[in-house]
Amino acid sequence: MKIEAAKMTPDVRAEVIAQGKALKASVTSLESRLAQAESAFVAEAAKLPNRTHPDVPLGAEDAATTLRTVGAPRDFPADGMAPRSHVDIGADLDLFDFEAAARVAGNKFYYLKNAGALLEIALINWSMTFVAGRGFTPMTAPDLAREDVVAGCGFAPRGEASQVYRLEESDLCLVGTAEIPLGGMYAGQVLTSKQLPMRLAAFSHCFRREVGSAGTATRGLYRVHQFSKVELFVIARPEDSEAIHKELLGLEEAMFTALGLCYRVLDMPSGDLGNPAYRKFDIEAWMPGRGIGGGWGEISSASNCTDFQARRLGIRYREESSDDEAAAGSRDASVGGKGATRYAHTLNATACAVPRMIVAILENNVQADGSVRVPDVLRPFMGGLDVIRQS
């Protein structure tokens with residue numbers, strides 16, 4: 001019932017004013033509860049992982065399927081010597097210093113020195129040159145990203161089990177991979193189908209807390225809190241992502257073959273995929289000094305995240321129809337016509353995780369006299385140096 005304010009008695013006016021205040025307070029309370037419910041809903045929804053490819057093995061990490069092994073472990077006895085750990089090789093050649101780094105920053109940090117530092121720079125330059133020659137745009141990326149970008153890529157920025165370093169009094173995190181700032185670069189963007197696939201290759205420093213990791217197999221450079229890496233990131237149309245996933249794997253294999261490594265390719269099981277990955281291929285190199293008698297150590301992975309990250313980050317693209325299709329088509333844009341937008345697919349792959357590459361090179365290329373042969377492809381990036389010797 002509408003009552004004109006001028007015709008209200010003082011008592012009615014006071015009652016209406018009181019009712020208005022009560023309604024306003026009620027609306028404010030309901031809006032607050034709605035915001036809390038929506039926030040809780042989004043938080044729970046974010047815990048849901050991506051779907052898995054029908055060919056993904058089911059189970060924990062040990063259920064991985066070996067797709068192929070390339071090369072054979074080196075026969076050290078035939079060379080008249082025993083395998084050695086990269087920790088001992090590097091100490092003799094004065095390539096790194098773990099003790100000084102521990103005093104400065106704590107355990108799992110390191111200094112690279114002399115030819116060790118040159119080897120890192122050579123690996124980065126060679127990797128970037130290699131992938132740039134295959135159609136990837138070379139980039140550098142920020143080492144920090146906002147929490148919403150980290151979460152949008154499928155990484156947990158908070159919690160006891162989080163591997164992410166957070167900056168106090170800030171919403172910024174140190175990134176664990178360039179995949180995060182590369183994905184964030186296109187958050188909220190609408191691309192065109194002509195721009196896809198978009199192939200990016202970025203160098204960045206990576207930071208990981210490595211919660212729960214310990215043991216002799218992780219000593220030295222194998223598992224550290226900070227390292228350099230060249231990461232590949234692709235934004236693609238959904239119908240192209242599976243083919244591009246295999247392309248990324250082939251690119252990784254070409255790089256490791258060029259370095260002369262013995263490696264195996266694994267189709268990783270459902271329990272090891274992590275939330276974003278629809279399917280993930282890992283590559284492990286043979287590391288003669290890993291454990292007793294040597295062992296396989298992960299050096300790269302290639303993941304197809306389908307639209308998992310794109311939906312959270314808002315990465316979409318617009319299909320561009322031909323002129324003939326546009327003239328004949330009568331479909332509405334919301335159901336796929338000209339001008340419609342779709343969520344893209346994102347993929348990522350490791351081109352070069354520097355510390356583990358150094359581990360593999362040192363342990364596989366050490367000679368009987370303690371020197372280390374530099375892989376042929378890296379020599380132009382190390383001033384022509386072919387052997388690392390004691391100074």
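**View 1. Helix α7 and the largest cavity.** Helix α7 (241-258) gives the most to the lining of the largest cavity, with three residues. Helices here are DSSP runs of H or I with at least four residues, and strands are runs of E with at least two, numbered from the N terminus. This is a predicted model, in which local features need pLDDT of at least 70 and side-chain atom pairs count only at pLDDT 80 or more, while totals for chains, interfaces and linings use all residues. Residues are numbered from 1 along each chain as its sequence is written, and side-chain values use heavy atoms, with hydrogens and water left out.

**View 2. What lines the cavity.** H53, E242, H245, K246, Y278, R279, F281 and N304 form the lining of the largest cavity (on a 1 Å grid over the protein atoms alone, a set of points where a 1.4 Å probe fits but cannot get out; lining residues have an atom within 4 Å of a point). Strand β12 (279-287), like α7, supplies at least two of these residues.

**View 3. E298 in strand β13.** UniProt lists E298 and S301 among the residues of a "binding site" in an unreviewed entry (in the numbering used here; annotations may be inferred rather than shown by experiment). E298 sits in β13 (residues 295-304) and is partly exposed because its relative accessibility is 28% (buried is under 20%, exposed over 50%, partly exposed in between; 1.4 Å probe, protein chains only). Beyond neighbours within four places in sequence, E298 is in contact (heavy atoms within 4.5 Å) with Y222, D282, I283, E284 and R356.

**View 4. S301 in strand β13.** S301 also lies in β13, and counts as buried because its relative accessibility is 14%. Not counting residues up to four places away in sequence, S301 touches E252, K280, F281, D282, N348, A349 and T350.

Methods
1 Å grid on protein atoms, 1.4 Å probe; cavity = no way out; pocket = protein on both sides within 12 Å on 5 of 7 lines; lining within 4 Å.
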